[in-house]
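Me: I would like to go through this model with you, one question at a time, and have the reasoning spelled out before each answer.

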Amino acid sequence: MTKKLDKDYHKKAVGYQIYPKSFKDSNADGIGDLQGIIEKLPYLKSLGIDFIWLNPIYASPQVDGGYDISDFYDIDPMFGTMADFKALLAKCHQLGMKLIMDLVVNHTSNQHKWFIEAQKSKDNPYRDYYLWADASPEKKPNNWRSFFGISAWTYQEQTQQAYFHIFAAEQPDLNWKNPKLRAEIYKMVRWWLEDIGIDGFRLDAISHIQKMDWDFELRSFDGDDPWEPFMNVIGIDNYLTDLKKIFNEFDATTVGEASGVRSNKGAADWTDADEGYLDAIFELEHNRKKSDGTGDLYEYKKVIMRWQGDLLERGWNALYIENHDMPRAISIFGDGSLASAKALAVQYMLLRGTPFIYYGQEIGMSSYPFESIDEISSEDTRNHYFNALKSGVPEKEAFFKEVLNSRDGARTPMQWNREKNAGFTEGQPWMPINPNYTTVNVEDSSELIALYRELISLRHHEKSLQDGGIRFHFPRSKAIFCYEREDFLVLVNLSDQKLSRKMTAIPIEDYQQVLGSRPIKKIPRTLSLSGWEYHVFKRKS
Ligand code: ISL
Ligand code: CA
């Protein structure tokens, strides 16, 4: 297999992201697992899902939700065994769905055998698998910071050097400049695709694998962008080219988490249909907050319009409004209502790109209403909260921004029904279940689920929505999201306010309604929209 079998698969497909710890527990230990996912595959099939992305399930001490891998070749026992994984993959394939894994190769766990070896001495054969520099307990090699709110360096007494990490201290960064390390990674990637037969990868933090030389200090975090030294740095293209060769061999479906890759610089090269490294990338810009910490929908809209425009000629977007790193969309961009969940679904699912649905988004799950920092164990949220307090942010504000709007609130167990523990587990759930499960669950949220089904079905059947272009109307309207995609017109009011617009620039007589929050026989010249109103129209044939 050297050629892509279906080069355009990702243009028609809809992905579903599963956070395995929270999807379905099959053995009553309170933690979601692979057998649990197997049990629920028919549900995903019935939604119309084409492929599933699993957050990391590899062996891991779980310091960062499995993004700290101690063995790339093994499944963490809390999720099951390799036999369970093979059964899951086979069942997906039987149902005509693909399965992609998270590929976490910017760093490993500090419990990975390479790092355990590497830290022993400067001349250990694994030393150069990681990044080291001379240091002392008082003096770090430079002032760079990690994304998790701490120094990017951790000092080690035994060799009087520090190692580099852009996330937790338990996640040492790998040294991609070392050809031996690269060979190990490529071997592992190949093993999953060839020996195990998975269908592709979501590439974690992939834009960070190359680092600048660290012989300079950042001046101040206001002047210099603190992440610049490891954002899409020159030289990364060689590694991505190597990976692309392997992906192509296996017709892999690939989506990169590529923060720092710009819509007008890099993104098209990364995802060009022929020359690109990956099928699609996730931008990380759109999760915008106002200064009071609430979501900023106008900023969101501007980011989306820019990415859609910049990748129109060349390149491909991955579309999402939720994932495991951000609060639930209904809680930041919506007002918690079902109406807002529907409007949010319509505005993004028909954009140009490959849409992803984060588990529970299709039933309107909202962020968990934390009451105290003590309910949070994850290191990054705790660091950010305590850093904010230290820098003088009032407690209430810090709690709202860093805890209520943390990523932890979007990782609670899937709400299957209104029975005990929302039908997620027979045991004690590893994380509390959102108290709204008695009304927000797969059985009671059939209206929202039905809308997602319709949107997915439109994507499957309508060529305009697959590779058609996109043109935005009312670009300066703060709340009206309106675009044409060849034969389709999508119109959404992303606010709870009543708004009206003159439809003069749109050939409204050509269109008839396909779906909407209320029936419209003929689009009026001046259309008035109630809060969260949405419509999809199709050109009359
Ligand atoms: O670039 C960023 C912010 O602008 C970072 O958000 C970074 O790209 C992102 O946090 C990476 O996230 C991924 O890797 C992390 C893990 O904690 C996240 O869950 C994962 O999605 C470390 O593996
Ligand atoms: Ca379990």
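The turns below take up the metal site, the other ligand, some aromatic rings and a few single residues of this predicted model.

Me: Which protein residues are the donors of the calcium ion (ligand 2), and at what distance do they lie?
Reply: An oxygen or nitrogen atom counts as a donor to calcium if it is within 3.2 Å. Asp25, Asn27, Asp29 and Ile31 are among the donor residues, with Ile31 contributing its O atom, and Asp33 is also one of them. In sequence these residues follow the spacing D-x1-N-x1-D-x1-I-x1-D, and their donor atoms lie from the calcium ion at 2.2 to 2.3 Å.

Me: Is the donor residue Ile31 buried or exposed?
Reply: The cut-off for a buried residue is under 20% relative accessible area. Asp29, another of the calcium donors, has 36% and therefore counts as partly exposed. Ile31 has a relative accessible area of 17%, so Ile31 is buried.

Me: What phi does Ala28 have, and where does Ala28 lie?
Reply: Ala28 is found in the loop between strand S1 (15-18) and helix H2 (34-47), and at 40% relative accessibility this residue counts as partly exposed. Although Ala28 is not a glycine, its phi is positive, at about 65°.

Me: Which other residue, in the loop between strand S7 (153-156) and strand S8 (161-164), has a positive phi although it is not a glycine?
Reply: The residue in question has its place in that loop between strand S7 and strand S8, and its relative accessible area of 47% makes it partly exposed. Its phi is about 50°, and the residue is Gln160.

Me: How much of the accessible area of ligand 1 does the protein cover?
Reply: Ligand 1 is surrounded by 18 residues, the closest being Asp64, Asp204, Ser259, His324 and Asp325, and this shell divides into six nonpolar, five polar and seven charged residues. Oxygen atoms of ligand 1 are 3.0 Å from a side-chain N or O atom of His107, 3.1 Å from one of Arg202 and 3.0 Å from one of Glu257. Of the 510 Å² that ligand 1 has accessible on its own, the protein covers 87%.

Me: How many aromatic pairs are counted, and what is the geometry of the pair formed by Tyr300 and Phe333?
Reply: The count comes to 48 aromatic pairs. In the pair of Tyr300 and Phe333 the ring centres are 5.1 Å apart, and the planes make an angle of 40°. Tyr300 belongs to helix H8 (residues 297-310) and Phe333 to the loop between helix H9 (329-332) and helix H10 (338-349), so that the pair links distant parts of the chain, 33 residues apart. Both residues are buried, and the geometry of their pair is tilted.

Me: How far apart in space are Lys302 and Lys478, C-alpha to C-alpha?
Reply: Lys302 has its place in helix H8, and its relative accessible area of 33% makes this lysine partly exposed. Lys302 and Lys478 are 176 residues apart in sequence, whereas from C-alpha to C-alpha they are separated in space by 9.2 Å.

Me: What distance separates the C-alpha atoms of Leu218 and Glu447?
Reply: Leu218 is located in the loop between strand S9 (200-203) and helix H6 (236-249), and Leu218 is buried, with a relative accessible area of 4%. Along the chain Leu218 and Glu447 are 229 residues apart, and the distance between their C-alpha atoms is 51 Å.

Note on methods:
Residues numbered from 1 in each chain as written. Chains lettered and ligands numbered in written order. Predicted model: local features only at pLDDT ≥ 70, side-chain atom pairs only at ≥ 80, totals over all residues. Heavy atoms only, no water. Donors = N, O, S within 2.8 Å, 3.2 Å for Na, K, Ca; no water. Buried < 20%, exposed > 50% of the residue type's maximum accessible area, 1.4 Å probe, protein only. Near = heavy atom within 4 Å. Polar contact = N/O pair within 3.5 Å; in protein donor to acceptor, adjacent residues only side chain to side chain. Areas by Shrake-Rupley, 256 points an atom, 1.4 Å probe, with all protein chains shown as cover. Nonpolar A, V, L, I, M, F, W, Y, C, P; charged D, E, K, R; others polar. Phe/Tyr/Trp six-rings, centres within 6.5 Å; stacked < 30°, edge-to-face > 60°. Helix = DSSP H or I, 4+ residues; strand = E, 2+ residues; numbered from the N terminus.
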